[in-house]
Amino acid sequence: MTLLKLTLSAILALALSGGAADATPSAQGHWSWPLSPKPSVLRTFDPPDKPWMSGHRGVDLGPAPDGGQVTSPADGVVTFAGVVVDRPVLTIDHGDGLRSSFEPLTSELKPGDAVRKGQGLGTVEPGHCGGVTCLHWGVRRGEDYVNPLDLVQDVRPSVLLPLE
């Protein structure tokens, strides 16, 4: 019986440490929501099967009031601040291969500026979600898009422990 308890304890410790799988980025738990209070998710992450196919490479959060303040979900350095197609975009390199982008976001920040978790980045502009003002938040690990919600929500499975 002791061997069974030790085995179960080891499995539980591995699962709780996140070492059982690499489905969620390692930054989970160190990031915060970029809008406050916790926003609703208007459109979920739906990555394409192939990089050139259509899909949704991030999440749309909101509704946010016009001029809603966006904060940095983690420490990092601004790598891009400008217009892409017709929307203002801000990109932050958070280290560990993770980069997040926010649009449409008006910001005074410029490439090279350091940002801290919770620091104001700028304001959400209308235009992305039709009649509702929302923030599109995308995150990449290297060249791969990841679900930003995995960075701010605990998605580990529930683990039942023995009573004895």
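1. Two strands count as paired if DSSP finds at least two bridges between them. In this predicted model, E4 and strand E5 (residues 87–95) are joined by seven bridges and run antiparallel. One of the pairs sets phenylalanine 80 opposite threonine 91 in E5. The two strands make a hairpin with two residues between them, and valine 85 in that turn has a positive phi of about 60°.

2. The next connection is also a hairpin. E5 and E6 run antiparallel and are joined by five bridges. Glycine 95 faces leucine 98 in E6. Two residues separate the strands of this hairpin, and aspartate 96 in the turn has a positive phi of about 55°.

3. Phenylalanine 80 deserves a separate remark. The residue belongs to strand E4 (residues 76–84). Its relative accessible area is 32%, so phenylalanine 80 is classed as partly exposed; the class covers values between the buried limit of 20% and the exposed limit of 50%. Together with Val84 and Val85, Phe80 makes a nonpolar surface patch of about 290 Å². Valine 85 thus appears twice in this note, since the positive phi in the E4–E5 turn is also at valine 85.

4. Serine 100 sits in strand E6 (residues 98–103). With a relative accessibility of 0%, serine 100 is buried. Its side chain makes a polar contact of 2.5 Å with the side chain of histidine 94.

5. A separate item is the open sheet of three strands, ordered E3-E9-E7, with antiparallel pairing. Strand E3 (69–71) and strand E7 (105–106) are the edges; each has a single partner strand, so one side of each has no neighbour in the sheet. Three bridges hold E3 to strand E9 (residues 120–124) in the antiparallel sense. Among them, glutamine 69 has threonine 123 in E9 as its bridge partner.

6. How many disulfides does a search of the whole structure find? The search returns one. The disulfide is formed by cysteine 129 and cysteine 134, with the sulfur atoms 1.8 Å apart. The torsion about the S-S bond is about 70°, so the disulfide of cysteine 129 and cysteine 134 is right-handed.

7. Are the two cysteines buried or exposed? Cysteine 129 is partly exposed, at 24% relative accessibility. Cysteine 134 is buried, at 1%. The cut-off for buried is under 20% relative accessible area, so the two ends of the disulfide fall into separate classes: cysteine 129 partly exposed, cysteine 134 buried.

Conventions
Residues numbered from 1 in each chain as written. Predicted model: local features only at pLDDT ≥ 70, side-chain atom pairs only at ≥ 80, totals over all residues. Heavy atoms only, no water. Disulfide = S-S within 2.5 Å. Buried < 20%, exposed > 50% of the residue type's maximum accessible area, 1.4 Å probe, protein only. Patch = residues over 30% accessible without salt bridge, like charges linked within 9 Å, V, L, I, M, F, W, Y side chains within 5 Å. Areas by Shrake-Rupley, 256 points an atom, 1.4 Å probe, with all protein chains shown as cover. Salt bridge = Lys/Arg side-chain N within 4 Å of Asp/Glu carboxyl O. Helix = DSSP H or I, 4+ residues; strand = E, 2+ residues; numbered from the N terminus. Polar contact = N/O pair within 3.5 Å; in protein donor to acceptor, adjacent residues only side chain to side chain.
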